[in-house]
Amino acid sequence: MQTMSTAAARRTALAAQGFADSRPTGRPTRQHLNRALGRTKLLQLDSVNVAVRAHYMPLFSRLGSYPARLVDDAAWAPTAAKPRLLVEYWAHEASLIPVRDWPLLRWRMREHGGSWRSRSRELLETAPGLVDDVLAAVKDLGPVGAGTLERELGGGVRQGRGPWWNRTDTKRVCELLFAMGELTTGTRKGFERLYDLPERVLPPEVLAQDPAVEDAVRELVRRSAEAHGVATETDLRDYYRLSPQQSRQAVAELVESGELEPVAVEGWSKQAYLHRDARTPRAVRGRALLCPFDPLVWERSRAERLFGFRYRIEIYVPEPKRQYGYYVFPFLLDGELVGRVDLKADRAAKVLRVPGTFVEPGHDLGAAVPELADALTEMADWLGLDGVEVGSRGDAHLVEALRALTPRR
């Protein structure tokens, strides 16, 4: 069995995620978007907008400044010349996935979104009339938001056996029907999901596909392996939130077919698997700020194994107990996670605020500061902000050096 060093595994993982690819020399295009999506496979959606919404940032981390409209058009505003590339469904979490991958999750739709999306299923029994009414209303009105559906359906407080429904029931039915694949997202207004029927959103040839569960799961694990480069079975399972039984069977089949090679990674306690097409470059150069929902770091134990980087999102931690900050971005430089910054886009003041700045132990402060300053300035420009304002929390020398290199314009 081949043994890989942690450094080799790290470079393999970075290459698989697109960080060994050269950035576009000009303005990124739909072709560059497709290439990046070929690496990440999906983009996680999240409602937090303190710096930038989660689905935009991974592409910025890999492509540099790009028009966010590329994602919007690919997911929510297709045209005849530029058809829809992305559709929403539960993949890792709520995610944008390639349209062609939608059939691979049909089995999850039959499970009403999976066991982790089970809380609204009782509505099929307790409110079948509302389920039918929502589907009929979306057919007539879609794409339409849950709030409009509530008003159209006379949402109010249910009284006895009367026809009135609690407002939250309409929203829950929408979410249930989305999990079942009976509804999907036609478009978004701001960040509000506007529901529509899948047959008005997806091509007929995609809707016609319904692979066997075992085949679909094996394909999802294959995509996960491509996105990881080298990974444990647990890593592979997590990418699409599969069950241990599903994942282990698929991994075994992919090993048997020669697509995955069992390897040992120094310092890893679990068996690892190397995808047969994975690259291990001699070095990975370049910089990137990574949002908390970037596929490179969203599995926290993997980030720790690969980079020695202990990372926890502290949004739900009371402020006095936070170690680093509310919404912290790891900083990738030349293949290492060398620091982290707490970021907030102050759109009223038109400035990217950096309340906290921290360097990781063992890394060269001098080498990191100019690159970090440039990365923050680039991000501010991309977000349409006028400059960067560095706060006082964190490593004092790093804070002062950053302040000197990121004057607010």
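This passage describes one strand pair, the nonpolar cores and the first helix of a predicted model. Residues are numbered from 1 along each chain as its sequence is written, and side-chain values use heavy atoms, with hydrogens and water left out. Because the model is predicted, local features need pLDDT of at least 70 and side-chain atom pairs count only at pLDDT 80 or more, whereas totals for chains, interfaces and linings use all residues.

Helices (H or I, at least four residues) and strands (E, at least two) are DSSP runs, numbered from the N terminus. Strand E13 (residues 351-359) runs parallel to strand E14 (residues 387-394), to which 6 bridges join it, and two strands count as paired if DSSP finds at least two bridges between them. Between E13 and E14 the chain passes through helix H15 (residues 365-382) in a right-handed β-α-β crossover, that is, a path running clockwise from the first strand over the helix to the second when the strands point away from the viewer.

The largest nonpolar core (buried Ala, Val, Leu, Ile, Met, Phe, Trp, Tyr and Cys residues joined through side-chain atoms within 4.5 Å; buried means under 20% relative accessible area, with a 1.4 Å probe and protein chains only) holds 106 residues, of which Met57, Val134, Leu289, Phe329, Leu376 and Met379 touch the most other members. Helix H15 contributes the largest share of this core, 9 residues. Apart from this core lies another, of 27 residues, including Trp268 and Tyr324.

Helix H1 (residues 6-16) is largely enclosed by the rest of the structure, because 8 of its 11 residues are buried, among them Arg10 and Leu14. Glycine 18, which follows H1, has a positive phi, near 95°.

How values were computed
Buried < 20%, exposed > 50% of the residue type's maximum accessible area, 1.4 Å probe, protein only.
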